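Visitor: I would like to go through this chain one region at a time, with the reasoning spelled out at each step.

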Amino acid sequence: LYPMKFLLALLILFPIALPPAPLPLKSKPKNIILLIGDGMGLSQISGGYYFNSKKLHITRFPVTGLMTTHSQSHLITDSAAGATAFSCGCKTYNGAIGLDAHKKPCQTILEQAEQKGMATGLVASCSITHATPGSFVAHVPSRSENEAIAAWFLETEVDLIIGGGLKFFNERKTDTRNLYEELRLKGYAVSNYTEKVLPTYAPAPDQPFAWFSAREEPESVLKGRTYLPLAAQLAPTFLKQRSDKGFFLMLEGSQIDWACHANEGDRAIAEVIDFDQAIGHILDFAAADGETLVILTADHETGGMALEQGNGPDSLDIGFTTTGHTAALVPVFAFGPGSENFNGMMDNTDIYHKMKALIAD
């Protein structure tokens, strides 16, 4: 009895806050661009800011929030479950690609955009079959099934594909298909990493476009990778020309995560700054266009990055607490029509539900 009285007294003094009601849609965008910094928590952003002379395009976002990242199976998510939360709006087990917790396919925001006649695109600085981009087009039980994920690209009408992983399309072990050739026969303008750099010109908008940046995984930005900011310039203009009903684009700064897994602070900062250059091009497009919502977030934080005092008063040392992911909250930023819906606290599944509401008729 006494414990119950004590609990009731606590509830009177400190009532449990109910979830806030959904914000009214004050404005709706025609286009949505979702930017994902894989493994990019507040420390990674802070490091990029201080090591880049206190300048980041991220500071241009007028709306900010915080997001929880846990999956259905773990308090610490992986990129597959994290990206599926964004793409489908459901919690799922670590490793799942476009499946719910019961291993049933869930329709993605990219697939829904295609059904509405919107143009769609995926850009990543990793293999295009990796966990994050794969979760927007594929429905497979495990993120390790790269060839199965690649086959799903032939089941969609995605208009723009830029990323690595060509071998999962044309050097397949699980079957004899040449998906690179199938993309060409399907009408795509296809290109590959032998060109070394992404063409700075936009491909003709009458053809879907696929450019493979590497046979397997692209190099880090410290080893000469340059295409992510170029893709950020090319993709929105190309997609806008592809459909008068708008477009959905997901662009990922993939290798922030890899650098933090390796506890390589300088490399992590370089990847954040490279991603931020891409963000700058996206924000320039959105500001000029006036009909584009830009959302920037992360699937999780990686490495438990810590920024510590260096040798001098204006110097920092970068430390890490783990080589894995963490459960830290990650930031959410938004710009453009509909951005007012992305402030405050939210869950990673809310990103999907807010985007879906904004593109709904």
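**Asp 159, helix H2 and some loops**

Guide: We can begin with Asp 159, which is buried in this predicted model, its relative accessible area being 7%.

Visitor: Where does Asp 159 lie?

Guide: The segment to consider comes after helix H6, residues 146-152, and before strand E4, residues 160-164. Asp 159 therefore combines a buried state, at 7% relative accessible area, with a position in the loop between H6 and E4.

Visitor: Which side chain forms a polar contact with that of Asp 159?

Guide: Leaving aside residues up to four places away in sequence, Asp 159 touches Met 118, Ala 119, Thr 120, Tyr 188, Pro 208, Phe 209, Phe 238, Leu 239 and Arg 242. Within that set, a polar contact of 2.9 Å links the side chain of Asp 159 to the side chain of Arg 242.

Visitor: How are the buried residues of H2 arranged when seen down its axis?

Guide: In helix H2, residues 42-51, the buried residues are Gln 44, Ile 45, Gly 47 and Gly 48. Viewed along the axis of H2, these buried residues fall within an arc of 160°, so they line one face of the helix.

Visitor: Which elements do the buried residues of H2 pack against?

Guide: The partners comprise both helices and strands. The buried residues of H2 pack against helix H10 (255-261), helix H11 (265-289), strand E9 (301-302), strand E10 (306-309) and strand E13 (330-335).

Visitor: What is the orientation of H2 relative to H11?

Guide: Two packed helices are described by the angle between their axes together with the distance between those axes. For H2 and H11, the axes come within 9 Å and cross at roughly 85°. Since angles of 65 to 115 degrees count as roughly perpendicular, that crossing makes H2, relative to H11, roughly perpendicular.

Visitor: How many nonpolar, polar and charged residues does the contact of H2 with H11 have?

Guide: On the H2 side the contact is made by Gln 44, Gly 47, Gly 48 and Phe 51, which meet Ile 269, Val 272 and Ile 273 in H11. Sorted by class, the residues in this contact of H2 with H11 are four nonpolar, three polar and no charged.

Visitor: Which residue of H2 does Pro 331 touch, among the buried residues of that helix?

Guide: Pro 331 lies in strand E13 and is itself buried, with a relative accessible area of 4%. Residues up to four places away in sequence aside, Pro 331 touches Met 40, Gly 41, Leu 42, Ile 45, Gly 65, Leu 66, Leu 296, Thr 297 and Ala 298. The buried residues of H2 are Gln 44, Ile 45, Gly 47 and Gly 48, and the name found in both lists is Ile 45.

Visitor: Is Lys 54 buried or exposed?

Guide: Lys 54 lies in the loop between H2 and strand E2, residues 63-68, and its phi is near 60°, a positive value in a residue other than glycine. Its relative accessibility is 54%, and because a value over 50% counts as exposed, Lys 54 is exposed.

Visitor: How far apart in space are Gly 117 and Phe 247?

Guide: Gly 117 is found in the loop between H4 and strand E3, residues 119-127, and counts as partly exposed at 31% relative accessibility. Beyond residues up to four places away in sequence, Gly 117 touches Ser 243 and Lys 245. Gly 117 and Phe 247 are 130 residues apart in sequence, while in space their C-alpha to C-alpha distance is 8.5 Å.

Note on methods. Residues numbered from 1 in each chain as written. Predicted model: local features only at pLDDT ≥ 70, side-chain atom pairs only at ≥ 80, totals over all residues. Heavy atoms only, no water. Buried < 20%, exposed > 50% of the residue type's maximum accessible area, 1.4 Å probe, protein only. Helix = DSSP H or I, 4+ residues; strand = E, 2+ residues; numbered from the N terminus. Arc of directions from axis to C-beta. Contact = heavy atoms within 4.5 Å. Axes fitted to C-alpha atoms, helices over the stretch in contact; angles between N-to-C directions. Parallel < 35°, antiparallel > 145°, perpendicular 65-115°, else oblique. Nonpolar A, V, L, I, M, F, W, Y, C, P; charged D, E, K, R; others polar. Polar contact = N/O pair within 3.5 Å; in protein donor to acceptor, adjacent residues only side chain to side chain.
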